[in-house]
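Trainee: I'd like to go through this one with you and ask how each label is earned. Can we start with the strands and then do the rings?

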Amino acid sequence: QEQLVESGGGLVQPGGSLRLSCAASGFSLDSWNIGWFRRAPGKGREGVSCINESGRETYYADSVKGRFTISKDNGKGMVYLQMNSLKPEDTAVYYCATGAFCTGHVIYGVTNWGKGTLVTVSS
């Protein structure tokens with residue numbers, strides 16, 4: 001069974017950092033573009049970042065640019081989202097997804113979704 005599993009969420013104070021991980025089970029991430037989305041309480045889903053299959057091309061939403069870094073380790077089958085200088089407005093459930101291509105920071109042609117990991121930024 002093909003699955004994506006996110007981890008690394010939690011409660012952090014404003015200005016703090018977290019690293020989210022996205023792991024694949026039952027298939028390899030090597031040939032996939034990977035996107036991160038988030039859904040804040042009471043809001044719609046928002047694309048956060050996208051990385052191409054080689055990991056050489058990365059894209060970010062303006063709201064996270066300069067604070068978040070997406071990376072891909074094909075050898076380990078992992079994708080990461082390093083989140084620094086976190087703000088209360090970053091509070092959301094974060095999801096990773098495999099897809100056909102990145103159009104800027106949003107991935108299209110999604111084939112698999114993870115179940116998400118909750119990030120809460122609060123003092």
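Mentor: Sure, start with Thr69: its bridge partner in E8 is Gln82. Bear in mind that this is a predicted model, where local features need pLDDT of at least 70, side-chain atom pairs count only at pLDDT 80 or more, and totals for chains, interfaces and linings use all residues. Residues are numbered from 1 along each chain as its sequence is written, and side-chain values use heavy atoms, leaving out hydrogens and water.

Trainee: What makes E7 and E8 a pair, and in which sense do they run?

Mentor: Two strands pair if DSSP finds at least two bridges between them. E7 (residues 68-73) and E8 (residues 78-83) have six bridges, in the antiparallel sense. Strands themselves are DSSP runs of E with at least two residues, while helices are H or I runs of at least four, all numbered from the N terminus. By that count the protein has 13 strands and zero helices.

Trainee: Which residue takes a positive phi in the hairpin of E7 and E8?

Mentor: Gly77, with phi near 65°; the hairpin has four residues between the strands.

Trainee: How do you know which side chains of E7 point to which face?

Mentor: Phe68, Ile70 and Lys72 point to one face and are buried, while Thr69, Ser71 and Asp73 point to the other and are not. Buried means under 20% relative accessible area, exposed means over 50%, and partly exposed is in between (1.4 Å probe, protein chains only). In a regular strand, side chains alternate between the two faces of the sheet.

Trainee: On to the rings. How many aromatic pairs are there?

Mentor: The structure has two. Phe37 and Trp113 have ring centres 4.9 Å apart and planes at 50°, so this pair is tilted. The rule is that Phe, Tyr or Trp rings (six-membered ring for Trp) pair with centres within 6.5 Å; planes under 30 degrees apart are stacked, over 60 edge-to-face, and the rest tilted. Phe37 is in strand E4 and Trp113 in strand E12, 76 residues apart.

Trainee: Is Phe37 buried or exposed?

Mentor: Buried, because its relative accessible area is 6%. Trp113, at 34%, counts as partly exposed.

Trainee: Why is the pair of Phe101 and Tyr108 given its name?

Mentor: The planes are at 15° and the centres 6.0 Å apart, so the pair is stacked. Phe101 is partly exposed at 42%, and Tyr108 is partly exposed at 42% too.

Trainee: What lies over the face of Tyr80?

Mentor: Arg19, at 4.1 Å from the ring centre. A charge sits over a ring if NZ of Lys or CZ of Arg is within 6 Å of the ring centre and within 35 degrees of the ring normal. Arg45 lies over Phe37, at 5.4 Å from the ring centre.
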